[in-house]
Every structure is written in structure tokens, then in C-alpha cells.
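Visitor: I have a structure open in front of me and would like to reason through parts of it with you, step by step. Could you guide me?

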Amino acid sequence: SSGFQISRNQYDMLKSLMSKGPVRVHGRIDATLGPGKLTFVHAYIRGTEHPEREVLITGHLDHPKWSANDNASGSGAMMEAARTLQKLIAEKKIPAPRLTIHFMWVPEYFGTLAYVSNHPEARRCDAAWDDPRNKPDAFAPGKPCIVANINTDMVGEDTVKTNSRFYFTRTPDSVPSFLDALLADVLQQ
């Protein structure tokens with residue numbers, strides 16, 4: 001199965017033609033399927049007690065109709081969070097984090113998935129039961145793993161104007177996690 005993306009002008013032209021009767025459109029796909037590469041931008045604030053354990057903060061850099069909100073607001077918020085945290089740590093105003101904070105700017109829709117697919121050891125800490133393909137030592141101390149992922153998509157959205165909401169998503173019931181309790185605490189604060 002394939003899909004096409006057309007411009008607004010092309011859409012208007014096709015709509016006009018379709019109002020006069022059936023329209024037949026031909027397309028040709030010239031593509032190959034093979035291994036590719038994605039470019040990610042990473043920034044780290046290394047943890048002091050468990051540097052191998054990461055809180056991953058992600059946001060996408062691209063969008064078919066990019067805007068100040070989607071997702072410049074998420075990418076900018078990540079940059080400002082990294083800059084501010086690093087400055088406060090350097091000035092000794094706050095302690096360095098115990099776990100590593102890993103900022104990662106990714107392509108939307110598949111960037112985070114591509115990263116964790118290529119780094120199965122980092123998918124989740126202390127949960128060898130979660131994926132039976134993992135070897136027993138897959139989550140051994142000292143090996144990198146992701147404790148949580150915070151995705152900063154459209155954090156600058158005006159929820160009143162868009163009749164929307166700013167939300168956090170619970171973990172699935174099939175994958176119990178401490179994150180739901182942490183989320184409740186964060187929301188209360």
C-alpha cells in the first residue's frame with residue numbers, strides 16, 4: 001500500500017475536476033527499501049549516582065505543517081530546560097541529578113521508536129520480565145536503561161484557544177510501573 005501527499009493547489013484542482021464527474025489519477029512510486037539512517041540530536045546531563053539510568057526527554061524537530069507550537073515549542077522548551085538545569089548545576093544552586101537526563105530531538109512519529117528499537121538494552125530498567133527476548137543480565141547494574149520518557153510535543157499550545165488540554169498519559173495496565181504514582185505527584189505539585 002502506498003500514499004501520496006499533494007499540495008493545496010493540487011487538491012483544489014482535483015476537487016474542481018471531481019465536481020464534474022469521475023477523475024482517474026495515476027501515480028508512480030520510484031523507491032527502494034533498505035537500511036537507512038536517522039539523525040538525532042542528543043544532550044546529556046550526567047547523573048552522579050546512577051549515570052547509566054536515564055530519564056529520556058524527547059521532542060520532534062519536524063512536522064508536515066511545522067509551526068511555533070508544533071513542535072518548536074517542545075524543542076525550545078527542551079533546549080531551555082537543558083540550558084537552565086546545566087547553568088544552575090554549574091553555579092551550585094541545585095545539585096547534579098542522581099540519574100542522567102538525556103535530551104533527544106527526534107523525527108516525529110518514528111524517531112523515539114527507532115532509537116529504542118536499536119538500543120533494546122535501554123528500553124526499560126529492572127524489567128527483564130517485560131520482554132522475554134531479553135537475556136537475564138539485560139538490565140544488570142551499570143548497563144544503560146531508560147527509567148522514563150517525557151515527550152515534549154506542543155507544550156506551548158494555548159489550550160483555551162484550541163479547546164484542548166495539556167495531558168500526561170498513564171502507562172498501560174499491562175505494563176505496571178511506578179510512573180503512574182510519580183505522575184500523580186507531579187500533577188499535584
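Visitor: How far apart are the end C-alpha atoms of helix H2?
Guide: In this predicted model, helix H2 covers residues 72-90, which makes 19 residues. At 1.5 Å a residue, a helix of 19 residues should span 27 Å, and this agrees with the distance between the end C-alpha atoms of H2, which is 27 Å.

Visitor: Which strands do the buried residues of H2 pack against?
Guide: The residues to look at are Ser-73, Gly-74, Ser-75, Met-78, Ala-82 and Ile-89, since these are the buried residues of H2. Following them to their packing partners leads to three stretches of the chain, namely residues 41-45, 50-60 and 99-106, which are strands S1, S2 and S3.

Visitor: Is Asn-71 buried or exposed?
Guide: Asn-71 sits in the loop between S2 and H2, and its side chain reaches the backbone nitrogen of Gly-74 at 3.1 Å. Beyond four places away in sequence, Asn-71 touches Gly-59, His-60, Thr-152, Asp-153 and Met-154. Its relative accessibility is 4%, and because buried means under 20%, Asn-71 counts as buried.

Visitor: How many residues make up the largest nonpolar core?
Guide: Its members are Ile-45, Ile-57, Met-78, Ala-82, Ile-89, Ile-101, Phe-103 and Trp-105, with H2 and S3 each supplying at least two of them. One member, Phe-103, is in contact with residues including Ile-45, Ile-57, Met-78 and Ala-82, leaving aside neighbours within four places in sequence. Counting the members of the largest nonpolar core gives 8 residues.

Notes:
Residues are numbered from 1 along each chain as its sequence is written. This is a predicted model: local features need pLDDT of at least 70, side-chain atom pairs count only at pLDDT 80 or more; totals for chains, interfaces and linings use all residues. Side-chain values use heavy atoms; hydrogens and water are left out. Helices (H or I, at least four residues) and strands (E, at least two) are DSSP runs, numbered from the N terminus. The expected span of a helix is 1.5 Å times one less than its number of residues. Buried means under 20% relative accessible area, exposed over 50%, partly exposed in between (1.4 Å probe, protein chains only). Contact means heavy atoms within 4.5 Å. A polar contact is a pair of N or O atoms within 3.5 Å; within protein, one must be able to donate a hydrogen and the other to accept it, and residues adjacent in sequence count only if both atoms are side-chain atoms. A nonpolar core is a set of buried Ala, Val, Leu, Ile, Met, Phe, Trp, Tyr and Cys residues joined through side-chain atoms within 4.5 Å.
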